[in-house]
Amino acid sequence: MSKTIAVWGSPNSGKTTFATKLAQTIYDKYQATVIVLYADNETPALPVIFPNYRKEDMFSVGAVLAKTEITQEDVIKQLVTVKQRQNFGFLGFTDGENRYTYPSFDETKIRALIAVLATLSDFVIVDCTSNLKNPISRVAIKEADDVIRLASPDLKSVTFFASQMPLYADPVFGLDRQIQGINVPDADLYMPIDEAKSRLHDPRFVIPYSRAVKQQMLDGKLTEPVNDKKFNDKFKAIVDKIVG
Ligand SMILES: Nc1ncnc2c1ncn2[C@@H]1O[C@H](COP(=O)(O)OP(=O)(O)OP(=O)(O)O)[C@@H](O)[C@H]1O
Ligand SMILES: [Mg+2]
């Protein structure tokens, strides 16, 4: 049985980093087949996650969603992969693309895509945008087995949720089953974690800032294990809770 996990949350809270590290940790810990789907078509994630890749090694989920029927073969053709790490694939938009690059696709098509991804892998991790007008994010939040809702410990994040949560009161979004967490995305001064906790909806975990993780992102190595015990310990505990 495949499991789909969506990562959502406030802008710049570390969603893309978290989703990628979650995928990497699951891949290495469970020797599982993992696919990451990056939803963003305003700031495509693939060129950020794989900054050193040549154009020929980059593909696009847009080409999959442009098809009338989505097949495993279409998906496999568009997977971006990492050398020496088999059964680990990445799907998203790439350099220069935007919402007009491909014909528009509806929610049914995205649901079909997620269903095909689930036939190809043990875990599908969806990195969603903060704005759930993004169609892939909107569908993933509704369809995922687990949704992680990420906040950073600052007033902007608290204010984001105060503004946006009422928009998703409809039970289809399952707000009350989402797992709220806090991530510290940089080394600047932050609101004390206790205060952040009291102002968010019952956060279940806190991920510390990791300079090594930030460096990995710059180097295009986020898909590899990181040498930071404090970060790894926290992260593995979360993975155990979610994956069980
Ligand atoms: N725990 C962490 N430790 C160190 N750096 C982090 C951590 N989490 C995130 N970052 C860094 O914070 C920055 C923002 O992270 P990221 O792009 O993942 O956020 P996001 O929520 O996906 O942003 P957006 O809303 O633009 O999609 C990046 O430079 C990333 O490397
Ligand atoms: Mg992002």
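This passage looks at the largest pocket of a predicted model and at the ligand that goes with it.

The pocket comes first. The largest pocket holds about 1,000 Å³ of space, and its lining runs to 45 residues. Nearest the centre of the largest pocket are Lys-15, Thr-16, Asp-40, Thr-43 and Asp-127. As for chemistry, the lining of the largest pocket splits into 21 nonpolar, 15 polar and nine charged residues.

Several helices take part in that wall. At least two lining residues apiece come from helix H1, spanning 15-30, helix H9, spanning 211-219, and helix H10, spanning 229-243. H1 is the top contributor to the lining of the largest pocket, putting in five residues.

Next, the ligand. Ligand 1 sits in the largest pocket, with 17 residues around it. The closest of these are Asn-12, Lys-15, Thr-16, Thr-17 and Ser-210. Lys-15 and Thr-16 thus turn up in both settings: they are listed among the residues nearest the centre of the largest pocket and among those closest to ligand 1. The shell around ligand 1 breaks down into seven nonpolar, eight polar and two charged residues.

In terms of secondary structure, H1 and H9 each hand at least two residues to the shell around ligand 1. H1 again gives the most, this time with three residues of the shell, having also led the lining of the largest pocket with five.

The polar contacts of ligand 1 involve both side-chain and backbone atoms of the protein. On the side-chain side, an N or O atom of Thr-17 lies 2.6 Å from an oxygen atom of ligand 1. On the backbone side, a polar atom of Ser-210 is 2.8 Å from a nitrogen atom of ligand 1, while for Pro-208 a polar backbone atom is 3.1 Å from a nitrogen atom of ligand 1. Ligand 1 would expose 630 Å² if taken alone, and the protein buries 81% of that area.

Terms used. Residues are numbered from 1 along each chain as its sequence is written. Chains are lettered from A and ligands numbered from 1 in the order in which they are written. This is a predicted model: local features need pLDDT of at least 70, side-chain atom pairs count only at pLDDT 80 or more; totals for chains, interfaces and linings use all residues. Side-chain values use heavy atoms; hydrogens and water are left out. On a 1 Å grid over the protein atoms alone, a cavity is a set of points where a 1.4 Å probe fits but cannot get out, and a pocket is an open set with protein on both sides within 12 Å along at least five of seven lines; lining residues have an atom within 4 Å of a point. Grid points are joined across faces, edges and corners, and a volume is the space filled by probe spheres set on the points. Helices (H or I, at least four residues) and strands (E, at least two) are DSSP runs, numbered from the N terminus. Ala, Val, Leu, Ile, Met, Phe, Trp, Tyr, Cys and Pro count as nonpolar, Asp, Glu, Lys and Arg as charged, and the others, Gly among them, as polar. A residue is near a molecule or strand if one of its heavy atoms lies within 4 Å of it. A polar contact is a pair of N or O atoms within 3.5 Å; within protein, one must be able to donate a hydrogen and the other to accept it, and residues adjacent in sequence count only if both atoms are side-chain atoms. Accessible areas come from the Shrake-Rupley method with a 1.4 Å probe; for residues, only the protein chains shown count as cover. A molecule sits in a cavity or pocket if more than half of its atoms lie within 2 Å of its grid points.
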